[in-house]
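Please explain how the two chains meet in this model, and what lies around the place where they touch.

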Amino acid sequence: MTEFSTDAARALAGPSWLVDRRVRAAEDFAAAVPPDVADEEWRYSAIREFDLSEFVPSSQPCAAPTPDFELDSSAVVRTVNGRIVSVESADELSAAGVYVGPLTTAEQGPDLLGAVGSEAAGYFTILNDAFVADPVLIRVPPGVVLHKPIVVTHHVTGDRAAAFPRLVVDIGADAQAEVLDHHTSESGPLLVCPVTELDVSPAGRLGYLNVQQLGSSTWQFCSQLGRAGRDARLTVSTAAFGGGYARTRSDVRLVGRGADCDLSALYFGDGRQGLDFRTYQDHVAADTTSNLLYKGVVSDESRSIYTGLIRVRPDARGTNAFQTNRNLKLGEDAWVESVPNLEIENNDVRCSHASAVGPVDAEQRFYLESRGVPTGEAERLIVAGFLGEVLETLPVKAMREPLRSAIDAKLSRQRRSEGVVS
Amino acid sequence: MSELVIEGLRARVGGQEILKGVDLAMASGEVHAVMGPNGSGKSTLAHVLAGRPGFEVLGGSALLDGVELLDLPAWERAQAGLFLAMQYPTEVPGVALADLLRASVSSSDNADEIESSMRVEAERIGFDEKFLTRPLNVDLSGGEKKRNETLQLGVLRPRFAILDELDSGLDFDALRLVGARVEAATEEDSVGVLAITHYSRLFEQLRPDTVHVLAGGRIQQTGGAELAQELEDTGYERWSDAPPAVASSAKLPADPVLDGPFSDPFADPFADPLA
């Protein structure tokens with residue numbers, strides 16, 4: 001028995017429509033079959049080591065930690081254990097009709113929650129539906145262009161706490177925004193199941209950046225669900241550094257003709273971390289483009305998994321879809337699995353996929369060494385450069401420097417563990 | 001005044017002995033040309049001196065001011081004052097020239113000096129400044145890569161520079177600028193230059209003091225600058241008796257650094273590889 005019962009879901013505070021929605025989801029969850037590595041979607045994952053009964057749902061708020069970076073933003077929402085603890089928003093935003101805050105107090109809240117997500121419900125997405133405490137809504141009305149990013153931070157803390165952050169971003173026609181979604185947690189055993197819905201209306205433009213800096217014993221099952229309308233432009237990107245086992249599933253659906261999606265991720269695992277990425281590029285409409293680039297580094301005994309599927313539906317003629325996953329393995333005990341896939345139901349398409357796994361290239365290292373750069377330093381330059389290719393394309397430009405520091409921190413930890421070995 | 005003394009250098013690549021006892025000595029400010037037919041071991045000499053992985057030293061020595069280079073890892077050889085301008089400079093995605101140069105001189109110079117030195121050097125050889133912040137050698141033409149190598153030589157000011165076919169891939173104007181820059185380095189910074197080439201066209205700007213003919217894995221003849229011209233006219237036929245260091249049938253790793261008979265894209269396409 002777990003603590004994630006229908007009664008527990010019913011007991012959570014909120015408006016009646018949300019309580020009803022949670023209860024329905026909790027009933028679905030009770031009937032759902034837990035995932036297993038025998039399922040293709042969970043192959044290679046650490047799901048067999050996961051035990052939900054070790055965790056208790058928590059929506060206990062407390063003060064949010066101060067982030068270790070500063071960003072010039074137009075609005076900041078902070079949640080702790082999925083409960084909103086603060087909302088700051090520039091006056092210009094409300095003057096322009098932009099909404100940033102609790103979804104439950106927004107007029108269209110009930111319609112927007114789950115609007116993108118409902119079709120791709122997985123086990124942990126349903127669990128989020130059942131235990132989501134306080135969904136966050138960002139709504140940009142048609143034609144409004146935001147010049148500074150909106151920041152949402154989520155923190156998880158408490159004894160064996162399980163939290164269910166939810167972020168819904170709704171970009172109106174021809175509107176434009178950037179969103180930073182930053183996830184942190186304490187170091188003890190914790191569970192976080194975030195769900196993010198990104199809906200971009202015709203000709204809208206959204207750059208979304210998820211930065212995952214969870215504690216080293218946190219389990220994460222994250223869903224990012226994107227939908228792009230006619231001529232919309234959606235970037236869904238992730239920079240993942242933390243977690244014990246952190247899984248991120250990213251789905252984009254290109255439903256309007258001419259929609260264009262970029263999916264990108266950079267990740268760096270060390271210690272005994274597992275970083276697991278599943279992607280789905282679903283081309284529904286004609287003349288749509290999706291471009292995926294995931295690059296990762298694993299060191300020590302860490303593991304990374306990438307599996308992705310490009311699907312081109314029968315009506316999606318003129319699709320361009322690309323998928324590339326490249327990995328650097330720093331050490332014998334690190335482990336990488338990379339499986340790209342295509343499923344094409346229309347002939348008039350241009351698709352490609354590629355994946356690579358290998359150590360630091362000996363020729364590249366020698367080139368730097370031949371200029372007098374010591375071996376370790378040469379490797380660090382190559383690794384930083386390898387991830388830099390993704391870093392330079394991420395939305396929320398002001399985060400590039402903090403992310404560069406996060407990569408440097410991982411690399412210097414690498415240097416220290418090398419020192420211990422030798 | 002510095003000295004580079006190579007004695008009895010023997011080396012193996014892919015299980016095959018390519019260098020069979022190379023002797024060569026040079027001093028600061030001197031320009032030595034190493035010429036020879038394809039497959040004679042010219043590039044192997046360059047890589048063995050620089051410490052490229054995959055090249056196995058079988059014997060001999062290479063002393064830079066009394067320091068045994070062959071005992072040092074590649075980066076320490078470079079710090080000791082050896083520079084290799086590569087025939088096929090490696091692409092290093094995500095690492096800019098500026099990052100590289102800052103890392104290579106981190107202990108001695110400060111970053112500002114590097115910046116200004118890079119700009120001065122780029123100007124001298126007509127290298128577009130936009131390349132300074134782009135990933136190393138990525139999407140550069142053959143000629144731009146060679147200018148990039150030359151720029152690094154100018155910034156790093158080594159004691160000895162090995163130029164492995166620096167002339168290949170350069171058009172006439174670029175060759176003139178690059179050749180003049182290296183010639184100036186021999187005068188301004190007393191850089192000693194070991195210029196490995198198949199042709200003598202580099203020597204219109206960079207005047208060799210000494211020319212060596214490398215064939216069959218050994219230095220077969222040493223002479224003055226006039227020998228380069230002579231070789232241009234007569235070719236390397238006279239050393240055809242020397243067994244080729246790289247047998248054309250030998251199975252070698254598919255590696256462009258090996259100057260095997262079929263792998264040099266700048267070789268005369270009509271030459272008989274077995275001649």
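In this predicted model, the contact between the chains draws 22 residues from chain B and 21 residues from chain A. On the side of chain B that touches chain A, at least two residues each come from helix H2 (74-79), S7, H3 and H5 of chain B. Sorted by class, that side of chain B has 15 nonpolar, five polar and two charged residues.

One of these elements, helix H3 of chain B, spans residues 97-104. Its buried residues are B:Leu97, B:Asp99, B:Leu100, B:Leu101 and B:Ser104. What do the buried residues of H3(B) pack against? Within chain B, their partners are strand S7 (92-96), helix H4 (111-125), strand S8 (135-136) and helix H5 (142-156). From chain A, helix H6 (362-369) and helix H7 (375-391) also pack against the buried residues of H3(B).

Those two helices of chain A also pack with each other. The axes of H6(A) and H7(A) lie 9 Å apart, at an angle of about 120 degrees. An angle over 115 but not over 145 degrees counts as oblique, so H6(A) is oblique to H7(A). Their crossing is right-handed. On the H6(A) side, the residues that meet H7(A) are A:Gln364, A:Arg365, A:Leu368 and A:Glu369. H7(A) meets them with A:Thr375, A:Ala378, A:Glu379, A:Leu381 and A:Ile382. By class, this contact of H6(A) with H7(A) has four nonpolar, two polar and three charged residues.

Definitions and conventions
Residues are numbered from 1 along each chain as its sequence is written. Chains are lettered from A and ligands numbered from 1 in the order in which they are written. This is a predicted model: local features need pLDDT of at least 70, side-chain atom pairs count only at pLDDT 80 or more; totals for chains, interfaces and linings use all residues. A residue is buried if 20 or more other C-beta atoms lie within 10 Å of its own, exposed if 12 or fewer, and partly exposed in between; C-beta atoms are placed from the backbone. Helices (H or I, at least four residues) and strands (E, at least two) are DSSP runs, numbered from the N terminus. Two residues are in contact if their C-beta atoms, placed from the backbone, lie within 7 Å. Axes are lines fitted to C-alpha atoms, for helices over the stretch in contact, and angles run from 0 to 180 degrees between N-to-C directions. Angles under 35 degrees count as roughly parallel, over 145 as roughly antiparallel, 65 to 115 as roughly perpendicular and the rest as oblique. A crossing is left-handed if the near helix is turned anticlockwise from the far one by less than a right angle, and right-handed if clockwise. Ala, Val, Leu, Ile, Met, Phe, Trp, Tyr, Cys and Pro count as nonpolar, Asp, Glu, Lys and Arg as charged, and the others, Gly among them, as polar.
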